Amino acid sequence: MTFLEKLRCLFTFGQGVALPLPEISADTDPITLFDLWFKDANKSGILLPEAMSVSSCGKDGYPSSRMVLLKAFDEKGFVFYTNYASRKSQVLEENNKVALLFHWNVLQRQIRIEGEVEKVTREESANYFHSRDRGSQVGAWASKQSKKISEENELASRFKFFNDKFAGQEVPHPEFWGGWRVKPKYIEFWQGRASRMHDRICFEKAEDKWQQYKLHP
C-alpha cells in the first residue's frame, strides 16, 4: 500500500462514523469475527494493527502490561514470541492467566481477550524464528532480555560477537526463545457509537462451547 493509499484509508475510516458491525447470529464464531475485524484493521492503514497489550500478574500480585506483536491466531489461540528468560515469560510461568487488548482508535474498535497461556511447540518456535530477518535472529542471541546492562557498549558487543560467530551459516534457534499461545476463554468486541451508545458483544467459553451475550456500554 502506497503512502497516499494509506492516507486515503485513514481519511475514509477516520470521519467519526463507526464501521457497521458484521452480521451477528447465534452461531457466530468469535475467531471468525476477530479475523474480519483484523482484516479491517489491516485495510485501514493503521501502523502495526497486530500490536496488542499483554497484561499479566505474577506471584508478587503486581500487574504488568507490555506491547507485543500478534504473529498467528486460530481456534487454538493467539500467538506471540519472546525470550523465555524475560520478565514477561517469568511472570507467565508464575501465573498462566493473561489478558490481551487490541485498540484500533481510527476504527473506533477494541477487542479484549482473557485466557490462559501455554508454550507453543519447539517446532512452531523454530519455524517462526527462521522466518525472521537475520538481524532479528542474531538480536535474539545478543539480548539477555530484561537483564540489566552492565556496560555502555555491552549490547552492541554481544551483537557483534554472535554475528561473527554465526557468519556464513544459519543462525540456530536458541532454546531460550519461543512462542506463547493465549487460549481464550473470554473475547469481547467493542464498537464505538455516537452518544456513547457503544456495542459490546461478548463470547464466553463454557464446556468448549462459546456463549454469546451483550453488555451495556
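**Pocket, helix pair and two serines**

Analyst: Starting with the largest pocket in this predicted model: its lining has seven nonpolar, six polar and three charged residues.

User: OK, what volume does that largest pocket have?

Analyst: About 270 Å³.

User: And which residues sit closest to its centre?

Analyst: Of the 16 residues in the lining, those are Tyr 81, Thr 82, Arg 132, Gln 145 and Trp 177.

User: Which elements give two or more residues to that lining?

Analyst: Strand E2 (63-69), strand E4 (77-83) and helix H5 do.

User: Switching to H5, then. At roughly what angle do the axes of H5 and H6 cross?

Analyst: Roughly 120 degrees, and the axes of H5 (residues 134-142) and H6 (residues 154-165) come within 8 Å. The two helices are therefore oblique to each other.

User: Is that crossing left-handed or right-handed?

Analyst: The H5 and H6 crossing is right-handed.

User: Which residues meet there?

Analyst: From H5 you get Gly 135, Val 138, Gly 139, Trp 141 and Ala 142, and they meet Leu 155, Arg 158, Phe 159, Phe 162 and Asn 163 of H6. By class, this contact has six nonpolar, three polar and one charged residues.

User: New topic: what's the phi of Ser 146?

Analyst: Near 80 degrees, so it's positive in a residue that isn't glycine. Most residues other than glycine have a negative phi. Ser 146 is in the loop between H5 and H6.

User: And where is Ser 195?

Analyst: In the loop between strand E7 (177-191) and strand E8 (199-206). Phi of Ser 195 is positive too, near 60 degrees.

Key:
Residues numbered from 1 in each chain as written. Predicted model: local features only at pLDDT ≥ 70, side-chain atom pairs only at ≥ 80, totals over all residues. Heavy atoms only, no water. Axes fitted to C-alpha atoms, helices over the stretch in contact; angles between N-to-C directions. Helix = DSSP H or I, 4+ residues; strand = E, 2+ residues; numbered from the N terminus. Parallel < 35°, antiparallel > 145°, perpendicular 65-115°, else oblique. Left-handed = near helix turned anticlockwise from the far one by under 90°. Contact = heavy atoms within 4.5 Å. Nonpolar A, V, L, I, M, F, W, Y, C, P; charged D, E, K, R; others polar. 1 Å grid on protein atoms, 1.4 Å probe; cavity = no way out; pocket = protein on both sides within 12 Å on 5 of 7 lines; lining within 4 Å. Points joined across faces, edges and corners; volume = space filled by probe spheres on them.
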